[in-house]
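Biologist: Hey, have you got a minute to walk me through this one? I'd like to get a feel for it piece by piece.

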Amino acid sequence: MITVLFLAANPLDTARLRLDEEVRHITRSIRAAEFRDEIRIVPWFAARPDDLVQGLLEHRPQILHFSGHGDPAGEIRFIGDDGGSRPVGQEALGRILRVLRDVRVVVLNACHSAAQASVIADQVDVTIGMSRAIGDRTATAFAGSFYRALGFGLSVEDAFELGVATLPLESIPGEDVPQLFVRDAATSPHLLLGASPPATPQSWVQHVTSSAPGAIAQGAVFGNVINHPSPGHRRSTPEPPSEAGPPTG
């Protein structure tokens, strides 16, 4: 089973975000997927910096998802004990991921998070960040489509591309904002659990359930994530702010 640790933070000194709607949309999208029982989402609201470490240790997720505010300095904002912002930079997050190696994918669904995503890509197979400010509607729609695609057995890269493609389909601005980063060492098709996923959805399920006792679904979903990285999104440079829509972060 794939576990998604969903950390959400909306400090008192930042603009209000609809983080509850985002996790609701993601949950509904997973439930509508063919392999919904193979993905478990663990929501963790009002996240403090230490909750990041506690959540990773407690749940050993394959996907770490942060939703909240980011800033142009490349930091994401957790909540302090006083309710205000506690920024966490790329160096701190990278050091944690170097130690806790269960995480295969990091999604930073926050404004200006592409810079941090590109740096921590050296520690995990795939990271996703936002090149500039992103609106609530864009963040929620992208995330829902991304996880729904995973729930139907698509690779992470294909799920990312589908999440981006869904935005103009629904007349939602910001299709250029999500950015995908792939670890340089992850060019081999055998890097992720030693095998690519089978070709059909049915064999995907068989691969998940019969690989080994206690095997997790990441062997199927992550198996072919980076065989063909998308040049349009890999190692992208953060873009200047846009006027389209109110930002979330």
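Modeller: Sure, let's start with rings: those of Phe, Tyr and Trp (its six-membered ring) count as a pair if their centres lie within 6.5 Å. And keep in mind that this is a predicted model.

Biologist: Okay, how many aromatic pairs does a search of the whole structure find?

Modeller: The search turns up 5 aromatic pairs. One of them is Phe-6 with Phe-45: the ring centres are 6.5 Å apart and the planes sit at 55°, so this pair is tilted. The two rings come from distant parts of the chain, with Phe-6 in strand β1 and Phe-45 in the loop between β2 and α2, 39 residues apart.

Biologist: Is Phe-6 buried or exposed? And what about Phe-45?

Modeller: Phe-6 is buried, with a relative accessible area of 0%. Phe-45 is partly exposed, at 41%.

Biologist: Which aromatic pair is stacked?

Modeller: Phe-142 and Phe-146 form a stacked pair, 6.0 Å centre to centre with 20° between the planes. They are 4 residues apart in helix α5 (residues 136-151), so about one helical turn separates them. Both Phe-142 and Phe-146 are buried. They also belong to one aromatic cluster together with Tyr-147 and Phe-160.

Biologist: Let's switch to β1. How many of its residues are buried?

Modeller: Strand β1 covers residues 2-8, and 7 of its 7 residues are buried. Ile-2, Val-4, Phe-6 and Ala-8 point one way, while Thr-3, Leu-5 and Leu-7 point the other way.

Biologist: And which strand do 6 bridges join β1 to?

Modeller: That's β2 (residues 39-44), and the two run parallel. Val-4 stands opposite Ile-41 in β2. To get from β1 to β2, the chain crosses through helix α1 (residues 19-31), and this β-α-β crossover is right-handed.

Biologist: What does β1 do with β3?

Modeller: β1 and β3 (residues 63-70) pair in the parallel sense too, over 5 bridges. There, Ala-8 has Ser-67 of β3 as its bridge partner.

Biologist: New topic: charges. How many salt bridges are there?

Modeller: The count comes to 6 salt bridges. The general idea is that side chains of opposite charge can pair when their charged atoms come close.

Biologist: Can you pick one that joins distant parts of the chain?

Modeller: Take Arg-60 and Asp-102, whose side chains meet at 2.9 Å, N to O. Arg-60 is in the loop between α2 (49-59) and β3, and Asp-102 is in the loop between α3 (90-99) and β6 (105-110), which puts them 42 residues apart. Arg-60 counts as partly exposed, at 38% relative accessibility, and Asp-102 counts as partly exposed at 30%.

Biologist: What does Arg-77 form a salt bridge with?

Modeller: Its partner is Asp-71, and the closest N and O atoms are 3.7 Å apart. Arg-77 is partly exposed, with a relative accessible area of 26%, whereas Asp-71 counts as buried at 9%.

Biologist: Got another one for me?

Modeller: Asp-125 and Arg-104 meet in a salt bridge too, at 2.7 Å, N to O. This pair also links distant parts of the chain: Asp-125 is in the loop between α4 (114-120) and β7 (126-130), Arg-104 is in the loop between α3 and β6, and they are 21 residues apart.

Biologist: Why does Arg-104 count as buried?

Modeller: The cut-off for buried is under 20% relative accessible area. Arg-104 has 12% relative accessibility, so Arg-104 counts as buried. Asp-125 is buried as well, at 3%. And Arg-104, Asp-125 and Arg-183 are linked in a network of salt bridges.

Biologist: Last thing: where is the confidence lowest, and where is it highest?

Modeller: The lowest is in helix α7 (residues 201-210), with a mean pLDDT of 35, and the highest is in strand β4 (residues 76-79), at 98. Over the protein chain the mean is 81, and 73% of residues reach 70 or more.

Biologist: Over which residues does pLDDT stay under 50?

Modeller: One stretch is residues 185-220, for which the model has 55 contacts beyond four places in sequence. Another is residues 222-245, with 62 such contacts. Where pLDDT is low, the predicted coordinates should not be read in detail.

Terms used:
Residues numbered from 1 in each chain as written. Predicted model: local features only at pLDDT ≥ 70, side-chain atom pairs only at ≥ 80, totals over all residues. Heavy atoms only, no water. Buried < 20%, exposed > 50% of the residue type's maximum accessible area, 1.4 Å probe, protein only. Pairing = 2+ DSSP bridges. Right-handed = clockwise from strand over helix to strand, strands pointing away. Salt bridge = Lys/Arg side-chain N within 4 Å of Asp/Glu carboxyl O. Phe/Tyr/Trp six-rings, centres within 6.5 Å; stacked < 30°, edge-to-face > 60°. pLDDT = per-residue confidence, 0-100. Contact = heavy atoms within 4.5 Å.
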